[in-house]
Amino acid sequence: DDALSRTRALEALEVEYAAKQAISQKEATALHDAEHLRAQRALQQRQLAERLEVLQRHAPAAMNLLSAEDQERQVAEVRQRAESETLERVRAIEREKEAAEEELRRAHEEALRSYEESQKE
């Protein structure tokens, strides 16, 4: 009886530890992903600026394909798209975190219920 309750308590601790470890890993990954998305956005903006600079340098003034307004609009579109993608990824990470926390809560409650039932027997 005592060995069984100890085994169940140990199993409950193992479940709780595994769930907490999964949440920690998701949080660490989320931080890295957000930094990666910011770096990607900065890279896209720099590449666009470089393309516009090359175009302006090599295209005669009369043949300039993009007006200043068009350039600004393109930069704004890239920035908006990058920000939108970043926001969506952050939301997805938050949803994953909430789901993992809910799973941890359920597993902990189940382990606690199991442990309490074993103590009644």
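**Close-up views of a two-helix chain**

**Figure 1. Overall view of the predicted model.** Among contacts in the chain that join residues at least 6 apart in sequence, 76% link residues at least 24 apart. The model shown here and in the views that follow is predicted. The chain holds two helices and zero strands, and buried residues account for 20% of its 121 residues. The surface that the chain exposes comes to about 9200 Å², of which carbon and sulfur atoms supply 52%.

**Figure 2. Helix 2 and its buried residues.** Helix 2 covers residues 68-120. At 1.5 Å a residue, the 53 residues of helix 2 should span 78 Å, and this agrees with the 77 Å that separates the C-alpha atoms at its ends. The buried residues of helix 2 include Gln-71, Val-78, Ala-82 and Thr-86; further along, Ala-92, Ile-93, Ala-100 and Leu-104 are also among them, as are Ala-107, Ala-111 and Ser-118.

**Figure 3. The surroundings of Arg-41 in helix 1.** Arg-41 is placed in helix 1, which covers residues 2-58. Because its relative accessibility is 18%, and the limit for a buried residue is under 20%, Arg-41 counts as buried. When its neighbours within four places in sequence are left aside, Arg-41 is in contact with Arg-79, Ala-82 and Glu-83. Of these partners, Ala-82 is itself listed among the buried residues of helix 2.

**Figure 4. Thr-86 of helix 2 and its separation from Glu-35.** Thr-86 lies in helix 2, where its relative accessibility of 11% is the reason it counts as buried. Along the sequence Thr-86 and Glu-35 are 51 residues apart, whereas in space their C-alpha atoms are 9.6 Å apart.

**Figure 5. The pair Glu-110 and Ala-12.** Glu-110 has its place in helix 2 and is partly exposed, with a relative accessible area of 43%. Although 98 residues separate Glu-110 from Ala-12 in sequence, the distance between them in space is 8.2 Å, taken from C-alpha to C-alpha.

**Figure 6. The pair Lys-20 and Glu-101.** Lys-20 belongs to helix 1, and with a relative accessible area of 43% Lys-20 is partly exposed. The C-alpha atom of Lys-20 is separated by 8.2 Å from that of Glu-101, a residue 81 positions apart from Lys-20 along the chain.

**Figure 7. The salt bridge between Arg-6 and Asp-2 in helix 1.** The count of salt bridges comes to nine, and one of them joins Arg-6 to Asp-2, with the closest N and O atoms 3.0 Å apart. Because these two residues are four residues apart in helix 1, Arg-6 and Asp-2 are separated by about one helical turn. Arg-6 is exposed, its relative accessible area being 57%, while Asp-2 is partly exposed, with a relative accessible area of 46%.

**Figure 8. The salt bridge between Arg-95 and Glu-88.** Arg-95 forms a salt bridge with Glu-88, in which the closest N and O atoms are 3.3 Å apart. Arg-95 counts as partly exposed at 47% relative accessibility, and Glu-88 is partly exposed as well, with a relative accessible area of 40%.

**Figure 9. The salt bridge between Arg-105 and Glu-102, and the network around it.** Arg-105 and Glu-102 form a salt bridge whose closest N and O atoms are 2.3 Å apart. With a relative accessibility of 38%, Arg-105 counts as partly exposed, and Glu-102, with a relative accessible area of 26%, is partly exposed too. Since they are three residues apart in helix 2, Arg-105 and Glu-102 are separated by about one helical turn. Salt bridges that share partners join this pair with Glu-103, Arg-106 and Glu-109, so that Glu-102, Glu-103, Arg-105, Arg-106 and Glu-109 belong to one network.

Conventions: Residues are numbered from 1 along each chain as its sequence is written. This is a predicted model: local features need pLDDT of at least 70, side-chain atom pairs count only at pLDDT 80 or more; totals for chains, interfaces and linings use all residues. Side-chain values use heavy atoms; hydrogens and water are left out. Buried means under 20% relative accessible area, exposed over 50%, partly exposed in between (1.4 Å probe, protein chains only). Contact means heavy atoms within 4.5 Å. Accessible areas come from the Shrake-Rupley method with a 1.4 Å probe; for residues, only the protein chains shown count as cover. A salt bridge is a side-chain nitrogen of Lys or Arg within 4 Å of a carboxyl oxygen of Asp or Glu. The expected span of a helix is 1.5 Å times one less than its number of residues.
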